[in-house]
Amino acid sequence: FALRQMQVCHFTESDRYGRYKKRASGSSGLTCKHCTDFRYFPTSEAALSQSTEKIAEHVLDCKKCPFQTRDELDELQKS
């Protein structure tokens, strides 16, 4: 459910910081479809799989994400 709150984005020069310094421009990644402030560029499927909790945390905290969506994710995490 949390991953459905993401959309495809592409790495740009403004993303070039921290652990992404050596990433190639144009690389595919994910961004929050509600705010686009959260951008993530996994290096592999395994890295993406390990990051689902981080993505869920963002969705729960995202001020632009609809309350109903955050509430549904919260309920899913509890069950």
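**Stop 1: the surface.** Show the surface of the whole protein chain. About 5300 Å² of it is exposed. Carbon and sulfur atoms supply 50% of that area. Keep in mind that this is a predicted model. Of the 79 residues, 34% count as buried.

Now colour the charges. The protein chain has 13 positive and 11 negative charges. Their mean positions lie 8 Å apart.

**Stop 2: the whole fold.** Switch to the C-alpha trace. Along its principal axes it spans about 40 × 25 × 20 Å. Then turn on the cartoon. You should find 3 helices and 3 strands. In what pattern do they follow one another along the sequence? The pattern is β-β-β-α-α-α.

Consider contacts between residues at least 6 apart in sequence. Of these, 45% join residues at least 24 apart.

**Stop 3: confidence.** Colour by pLDDT. The mean for the protein chain is 91. A value of 70 or more is reached by 100% of the residues. Where is confidence lowest, and where is it highest? It is lowest in α1, at a mean of 86, and highest in β1, at 96. A general caution goes with this colouring: where pLDDT is low, predicted coordinates should not be read in detail.

**Stop 4: the sheet.** Select the strands. They form an open sheet of 3 strands, in the order β1-β2-β3, with antiparallel pairing. The edge strands are β1 (6-10) and β3 (39-40), and each pairs on one side only. In general, strands of a sheet pair through backbone hydrogen bonds.

Next, pick β2, residues 28-32. Is it mostly covered or mostly open? It is mostly covered, with 4 of its 5 residues buried. Look at its two partners in turn. With β1, strand β2 pairs in the antiparallel sense over 5 bridges. With β3, strand β2 is joined by 2 bridges, again antiparallel.

Select T31 in β2. Q7 stands opposite T31. R39 in β3 also stands opposite T31. Show these residues as sticks and follow the row across the sheet.

**Stop 5: the turn.** Move along the chain from β2 to β3. These strands form a hairpin with 6 residues between them. Select T36, in the loop between β2 and β3. What is notable about its phi? Phi of T36 is near 60°, a positive value in a residue other than glycine. Most residues other than glycine have a negative phi. T36 is partly exposed, because its relative accessible area is 41%, between the limits of 20% and 50%.

**Stop 6: helix α1.** Select residues 45-50, which make up α1. E45 lies in this helix. Is E45 buried or exposed? E45 counts as exposed, because its relative accessibility is 73%, over the 50% limit. Now draw a distance from the C-alpha of E45 to that of L3. These two residues are 42 apart in sequence and 13 Å apart in space.

**Stop 7: helix α2.** Select residues 52-61 for α2, then pick H58 within it. H58 counts as buried, because its relative accessibility is 16%, under the 20% limit. Which residues does H58 contact, leaving aside its neighbours within four places in sequence? They are M6, C32, C35 and F38.

Show these four with H58. Two of them fall within strands you have already visited: M6 in β1 (6-10), and C32 in β2 (residues 28-32). Compare the two helix residues to finish: E45 is exposed, whereas H58 is buried.

How values were computed
Residues numbered from 1 in each chain as written. Predicted model: local features only at pLDDT ≥ 70, side-chain atom pairs only at ≥ 80, totals over all residues. Heavy atoms only, no water. Buried < 20%, exposed > 50% of the residue type's maximum accessible area, 1.4 Å probe, protein only. Contact = heavy atoms within 4.5 Å. Areas by Shrake-Rupley, 256 points an atom, 1.4 Å probe, with all protein chains shown as cover. Lys, Arg positive; Asp, Glu negative; His and termini not counted. Charge placed at Lys NZ, Arg CZ, Asp CG, Glu CD. Pairing = 2+ DSSP bridges. pLDDT = per-residue confidence, 0-100.
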